[in-house]
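Good morning, and thank you for making time for this short presentation. Please look at the sequence and the model on the screen as I speak.

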Amino acid sequence: MMNLTAELSQLIDQLEPIARPGGQGRALMVMGSRPGAGASTVARELARLAALRSQRGVWLYDLDFSGNAQSRAARVQGPAFDAALGREPFWALKTGRGRARIVARQSVVPNLFVSELQSEPGAVESVGLRAAPEYWSAVREAIDLAIIDAPSNSVAPLSLAADLDGVILVADARDPNGAGLQARRAAIEARGGVVAGLILNRTDRIQSAA
């Protein structure tokens, strides 16, 4: 298992204070340059470290809705909260028979909440993503930091880029694929997003190049 604490703590230091002056939180997407680059691990560790310094809480959104991998890894427990916050959210669930919803549950890590898709068997036909600026404004008012773990094998998360404060790209340092990174950056910027930094993931360490 990789120990990312020291390296990613430096990135958290750059975000201090976690919430911006005036109490407005931040929303950052973490996206891999390709599958297997380690973006989900980076997103989870960033969220964990930020939660330890947070007062109002950190939310980790897992956009790979099929498996709820982040909620399992974070060992969520206790009651579920409606992640929509009373707004039109950035997701749209298409359901057949049965009920489904996206909630947030608290991790064993204090102040860390992780999204989770709860559904009856066969209820969810598809999950769509869309721009939702009012939703993200409500998130910034409610918590200190939102980390969005976006799967690299889908272009759907790009629809969120313009609503967020930045996108952090994660690449495998052994095979960084510069052309692929440039293409991903161009796609993000074409949607109105901002690439806030690049993390080169090594087997035994993480390097940040913000």
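I shall begin with the chain as a whole, then turn to two helices, a pocket and three loop residues.

Please keep in mind throughout that this is a predicted model. The chain holds 5 helices and 11 strands. Of its 210 residues, 48% count as buried. The exposed surface comes to about 9900 Å², and carbon and sulfur atoms supply 48% of that area. As for the contacts, let us take those between residues at least 6 apart in sequence: 77% of them join residues at least 24 apart.

Let me turn to helix 2. Helix 2, residues 39-53, has 15 residues and reaches 22 Å from its first C-alpha to its last. That span is close to the 21 Å expected at 1.5 Å a residue. Which residues of helix 2 are buried? They are Ala39, Val42, Ala43, Glu45, Leu46, Ala47, Leu49, Ala50 and Ala51. A charged side chain, Glu45, is thus listed among the buried residues of this helix.

Helix 2 also leads us to a pocket. The second largest pocket has a volume of about 250 Å³. Its lining comprises 18 residues, and the closest to its centre are Ser40, Asp149, Ala150, Pro151 and Ser152. Three elements give two or more residues to this lining: helix 2, helix 3 (69-73) and strand 8 (145-150). Which element gives the most to the lining? Helix 2 does, with 3 residues. By residue class, the lining divides into 6 nonpolar, 7 polar and 5 charged.

Strand 8 appears again when we consider helix 4. In helix 4, residues 133-142, the buried residues are Tyr135, Trp136, Ala138, Val139 and Arg140. These buried residues pack against strand 1 (26-32), strand 2 (58-62), strand 4 (91-95) and strand 8. Is arginine 140 buried or exposed? Arginine 140 counts as buried because its relative accessible area is 11%, where the cut-off is under 20%. Its C-alpha lies 8.1 Å from that of glycine 23, although the two residues are 117 apart in sequence.

I come now to the loops, and to backbone geometry. Most residues other than glycine have a negative phi. Two residues here depart from that sign. Arginine 75 has a phi near 55° and is found in the loop between helix 3 and strand 3 (77-82). Its relative accessibility is 57%, so arginine 75 counts as exposed. Asparagine 111 also has a positive phi, of about 70°, and lies in the loop between strand 5 (100-106) and strand 6 (112-119). At 28% relative accessibility, asparagine 111 counts as partly exposed.

The last residue is arginine 191, in the loop between helix 5 (178-190) and strand 10 (195-201). With a relative accessible area of 44%, arginine 191 is partly exposed. Which residues does arginine 191 touch, not counting those up to four places away in sequence? The contacts are with Leu158, Ser159, Ala161 and Ala162. Leucine 160 is 31 residues away from arginine 191 in sequence, and 8.4 Å away in space, C-alpha to C-alpha.

To close, I return to the two helices. Helix 2 gives the most to the lining of the second largest pocket, while the buried residues of helix 4 pack against four strands, one of which is strand 8. Strand 8 also gives two or more residues to the lining of that pocket. Thank you.

Technical notes: Residues numbered from 1 in each chain as written. Predicted model: local features only at pLDDT ≥ 70, side-chain atom pairs only at ≥ 80, totals over all residues. Heavy atoms only, no water. 1 Å grid on protein atoms, 1.4 Å probe; cavity = no way out; pocket = protein on both sides within 12 Å on 5 of 7 lines; lining within 4 Å. Points joined across faces, edges and corners; volume = space filled by probe spheres on them. Buried < 20%, exposed > 50% of the residue type's maximum accessible area, 1.4 Å probe, protein only. Contact = heavy atoms within 4.5 Å. Areas by Shrake-Rupley, 256 points an atom, 1.4 Å probe, with all protein chains shown as cover. Expected span 1.5 Å × (residues − 1).
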